[in-house]
Structure formats: C-alpha cells, structure tokens
Amino acid sequence: MLSKRMMNHTLTLKKITRDIECVGNQRLAACIVRGTRVISFGHNKRKTHPLQTRFAKNQHCVYLHAEIDAIKNALKEIKVEELKQCTLIVVRTKKDGSTGLAKPCKGCRQAIETFELKQVVYSTDKEGCFEELL
C-alpha cells in the first residue's frame, strides 16, 4: 500500500500523461522523489538523448523514455550519489484514459541499477494499483 504522499505523486503523474503527446501509443510520466520533495519529472518523448542511447534496450529504442527523462532532469538538480536516496515513480495512461502497466523496460532497469535508485514504483493495469520493482 502506497503512502498518501506517494498516491498524490501518482495522481500528478496521471494528470501529466493526459496532457502529453502519445509516443508509440504510449503516454508515460515519471518523477524522482527524495523524502517529501519531488526532484524532477520526465515523460516519454519523440526525441532522444545520449543517456537514452546509453541505456537503450536495443539500437532501435532511441525515443526518450519517461524514466530516463526523469533521471536526466534530476541530475540537473542533485548529484549522482544522491539518486541512491531517491524513489522513481512511473505511471502509464492508455488511450482510453485507464491506467496501464508501466514496468520499466530492460534498458530503463539497467539505468535504475546503474544509478542505484532506492525504490521504483510503477502503475499496473489495475486502476489504483502499483507495484515495486525489486
């Protein structure tokens, strides 16, 4: 069960997903949180970044993923070592507006492991249900 604060972050991310462009039929938003403070937000985009290229699951996955975008933006605010104290939250909204599975892909999991994020929480296909990446 997520804390009230974490649920508030997921609701904010869900609102963001409603306002962004669909990329490959996907609308994903992510945030990096340390304690009570949101460090950064990110969402999937039709552009790339060297960090995405570094962690792409294959050479064709060059579009910026929400998780990588959130990490990239967090590194503008905090040091790499501080990411170890942070939680990554990822939410996906389907075309019909329902919540979808936002489990990070292999490339994003590699980035999460590289930066040693403390916790990862993502949406599932069941409305209001979230899981933790172990």
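Buried, here, means under 20% relative accessible area, and exposed means over 50%. Keep that cut-off in mind for helix H4, where Gly107, Cys108, Ala111, Ile112 and Phe115 are buried. Those five cover an arc of only 145° around the axis, which puts them on the same side of H4. The general reason is simple enough: an α-helix has 3.6 residues a turn, so residues three or four places apart point the same way. Flip to the face of H4 turned away from that buried side and you meet the exposed residues Lys106 and Glu113. What do the buried residues of H4 pack against? Their partners are H2, H3, E3 and E5.

Let's step back to the whole chain. What you are looking at is a predicted model. The protein chain has four helices and six strands, and reading along the sequence gives the pattern α-β-β-α-α-β-β-α-β-β. Its radius of gyration is 13 Å, close to the 14 Å that the globule rule gives for 134 residues, so the chain is as compact as a globular protein of that length. The C-alpha trace spans about 35 × 30 × 25 Å along its principal axes. Of the 134 residues, 47% count as buried. As for how the chain meets itself, take the contacts between residues at least 6 apart in sequence: 59% of them join residues at least 24 apart.

Now back to the start of the pattern, with H1. This helix runs over residues 4–19, which makes 16 residues. From its first C-alpha to its last it reaches 23 Å, close to the 22 Å expected at 1.5 Å a residue. Which residues of H1 are buried? They are Met6, His9, Thr10, Leu13, Lys14 and Thr17. Looking down the axis of H1, you find these buried residues within an arc of 145°, so they line one face of the helix. The face turned away from them carries the exposed residues Lys4, Lys15, Arg18 and Asp19. Note that Lys14 is on the buried list, while its neighbour Lys15 is on the exposed one.

The buried residues of H1 pack against strands, namely E1 (28–34), E2 (37–43), E3 (87–93), E4 (99–100), E5 (119–123) and E6 (130–132). Two of those strands deserve a closer look. E1 and E2 run antiparallel and are joined by six bridges. Ile32 stands opposite Ser40 in E2. Together the two strands form a hairpin with two residues between them, and Gly35 in the turn has a positive phi of about 65°.

Next come the charged pairs. The structure holds six salt bridges. One of them joins the side chains of Arg46 and Glu21, at 2.9 Å from N to O. Arg46 lies in the loop between E2 and helix H2 (50–55) and Glu21 in the loop between H1 and E1, so the pair ties together parts that are 25 residues apart in sequence. Both ends have some access to the outside: Arg46 counts as partly exposed at 45% relative accessibility, and Glu21 counts as partly exposed at 49%.

Another salt bridge pairs Asp69 with Lys45, with 3.2 Å between the closest N and O atoms. This pair also links distant parts of the chain, with Asp69 in helix H3 (residues 66–74) and Lys45 in the loop between E2 and H2, 24 residues apart. Is Asp69 buried or exposed? At 1% relative accessibility, Asp69 counts as buried.

Then there is the pair Glu116 and Lys84, whose side chains meet in a salt bridge at 3.9 Å, N to O. Glu116 lies in the loop between helix H4 (106–115) and E5, and Lys84 in the loop between H3 and E3, so this pair ties together parts that are 32 residues apart in sequence. Glu116 is partly exposed at 44% relative accessibility, and Lys84 is partly exposed with a relative accessible area of 41%. Salt bridges that share partners also join Lys45, Asp69 and Lys72 into one network.

Glu116 brings us back to where we began. This residue comes just after H4 and takes a positive phi of about 55°.

Note on methods:
Residues numbered from 1 in each chain as written. Predicted model: local features only at pLDDT ≥ 70, side-chain atom pairs only at ≥ 80, totals over all residues. Heavy atoms only, no water. Expected span 1.5 Å × (residues − 1). Buried < 20%, exposed > 50% of the residue type's maximum accessible area, 1.4 Å probe, protein only. Arc of directions from axis to C-beta. Contact = heavy atoms within 4.5 Å. Pairing = 2+ DSSP bridges. Salt bridge = Lys/Arg side-chain N within 4 Å of Asp/Glu carboxyl O. Rg over C-alpha atoms; globule rule 2.2 N^0.38 Å.
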